[in-house]
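Hi,

Here is the structure I promised to pass on. Please open it alongside this email, and my notes follow below.

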Amino acid sequence: MKKDVLVLCQYFYPEYVSSATLPTELAEDLVDKGLTVDVVCGYPKEYFNGKKVTNREKYKGITIQRVNYTEFNNKTKLGRIINFFSFFLAVLLRFFSLFNYKCIIVYSNPPILPLIPYFIGRLSGVEFIFVAFDVYPDNALKLGAIKKGSTIEKIMNYINSKVYRYSSKVVALSQEMKEYLLNQKIAVNPENINVIPNWYSDEKVNKNTIENIEFKTLKENWPFIILYSGNMGSAQDMDTILQCMSQFKNNKNVLFVFTGHGNKVNYVKNYIYSNKISNAKVYGFLLGDDYQDVLQMADVCLVSLAEGIEGIGVPSKTYGYLAVGKPVIAIMSNETDIAKSLIKYNAGGNVKQGDFKALELLIQKYIDNPELLQLMGLNAKQLFLDLYERKICTELYYNMLSKIINKNSKVG
């Protein structure tokens, strides 16, 4: 007898990046709703606490099978490609054991992974759902990571032509991503695309005090703190933030805090150092209580996308900001779901990439109006509860899956 769901992804529990926690929380909630869920994922490499885990484990009712793959430097193009193919081949070796499911959920990371459920579906009729965390190869082309007409682009376009056509459902993270997929003719059937945003678990918001001594001291000493948390990479517009920060240079009332990782972290550090900016701090990737503390410490939070990335990716850190009731300023097009929601709920604001003066004016407006800031914080929490709370989003996955599973059960 076939099991209900197989989740295929590179990152999963106990790894802590969002591309691991989101599939993990989805699997947990599907099990809670009575579905049988197995997972095939990569063995933890970088984003975990280093404690030894087994290749096979039962976790909260989920059967996890972990595969080993290469550990070349992910920050280099060659290392990343080798790791992608190594993981792909490791999963492919289990090919025939993956037939015994009513539905497969596969993620876009790594981008070649969805070929496996595509082949399984063509051979056996097993249906699969494709979750587009990003749109490949379009993001790589726009960021200059690959060249137009390159072999990689041709391979990815081939994969897309199969995956988007034959998947039972495609999950887009936002309405603008759905529109992008249709406008670029990557996907052709709008009825086949479900918009389900990523989320943040309300269970993580378990306190309103700051325990970390350093962060507590910062909160006591700085009247207004601006937080940028998450990836500082090619897909993020850091220049607008840095240029705005320069307008508040050495202001003793305003502190800029950066935390996260990515290929622009050193760029941010060097900018602060070379411009002799004393009211800025940069931390690494924060976890658990430290991350909750830095969220509680902030008065307003920033999220950004590089110009042209709208529709190709959606910054998940936004939902954590909203979950703790922090006003958010989005540096991106006003046509994105995030920007529209912030304006609709009066939970923050939005400026276009490069308009650092508008960002400065918006921050100053919040500094000068603490009552407005407090109201926006309450609105931010309501926005989160209405649209981005974990149970709301995973329920959408469950409803989508149930239709596929029930249909296959009747056929069986």
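Let me start with Y166, which in this predicted model counts as partly exposed, because its relative accessibility is 27% and that class covers values from 20% to 50%. Y118 falls on the other side of that cut-off: its relative accessible area is 8%, so Y118 is buried.

These two tyrosines belong together. A search of the whole structure turns up 15 aromatic pairs. In the one formed by Y118 and Y166, the ring centres are 5.5 Å apart and the planes meet at 50°, so the pair is tilted. The pair also ties together distant parts of the chain, since Y118 sits in helix α3 and Y166 in helix α5, 48 residues apart.

For comparison, have a look at F248 and F256, which make another tilted aromatic pair, with 6.1 Å from centre to centre and 50° between the planes. Both F248 and F256 are buried. There is also an aromatic cluster to find, made up of F95, F96 and F99.

Now to the helices that carry the two tyrosines. Helix α3 spans residues 115–124 and helix α5 spans residues 151–166; they pack at an angle of about 55°, and their axes are 10 Å apart. That angle makes α3 oblique to α5. The crossing of the two helices is left-handed.

Which residues make the contact? From α3 they are L115, Y118 and R122, and from α5 they are I159, K162, V163 and Y166. Sorted by character, the residues of this contact comprise 5 nonpolar and 2 charged ones, with no polar residue. Y118 and Y166 are thus both part of the helix contact as well as partners in the tilted ring pair.

If you have a minute more, stay with α3. Its buried residues are L115, I116, P117, Y118, I120 and G121. What do they pack against? Besides α5, the buried residues of α3 pack against strands β1 (3–8), β5 (101–107) and β6 (127–132), and against helix α2 (77–92).

One last detail concerns the backbone: just after α3, G125 takes a positive phi of about 85°.

If you want a place to begin, put Y118 and Y166 in the centre of your view, where α3 and α5 are in contact. From there you can follow α3 along to G125, just after the helix.

Happy to talk it through whenever suits you.

Best wishes

Notes
Residues numbered from 1 in each chain as written. Predicted model: local features only at pLDDT ≥ 70, side-chain atom pairs only at ≥ 80, totals over all residues. Heavy atoms only, no water. Axes fitted to C-alpha atoms, helices over the stretch in contact; angles between N-to-C directions. Helix = DSSP H or I, 4+ residues; strand = E, 2+ residues; numbered from the N terminus. Parallel < 35°, antiparallel > 145°, perpendicular 65-115°, else oblique. Left-handed = near helix turned anticlockwise from the far one by under 90°. Contact = heavy atoms within 4.5 Å. Nonpolar A, V, L, I, M, F, W, Y, C, P; charged D, E, K, R; others polar. Buried < 20%, exposed > 50% of the residue type's maximum accessible area, 1.4 Å probe, protein only. Phe/Tyr/Trp six-rings, centres within 6.5 Å; stacked < 30°, edge-to-face > 60°.
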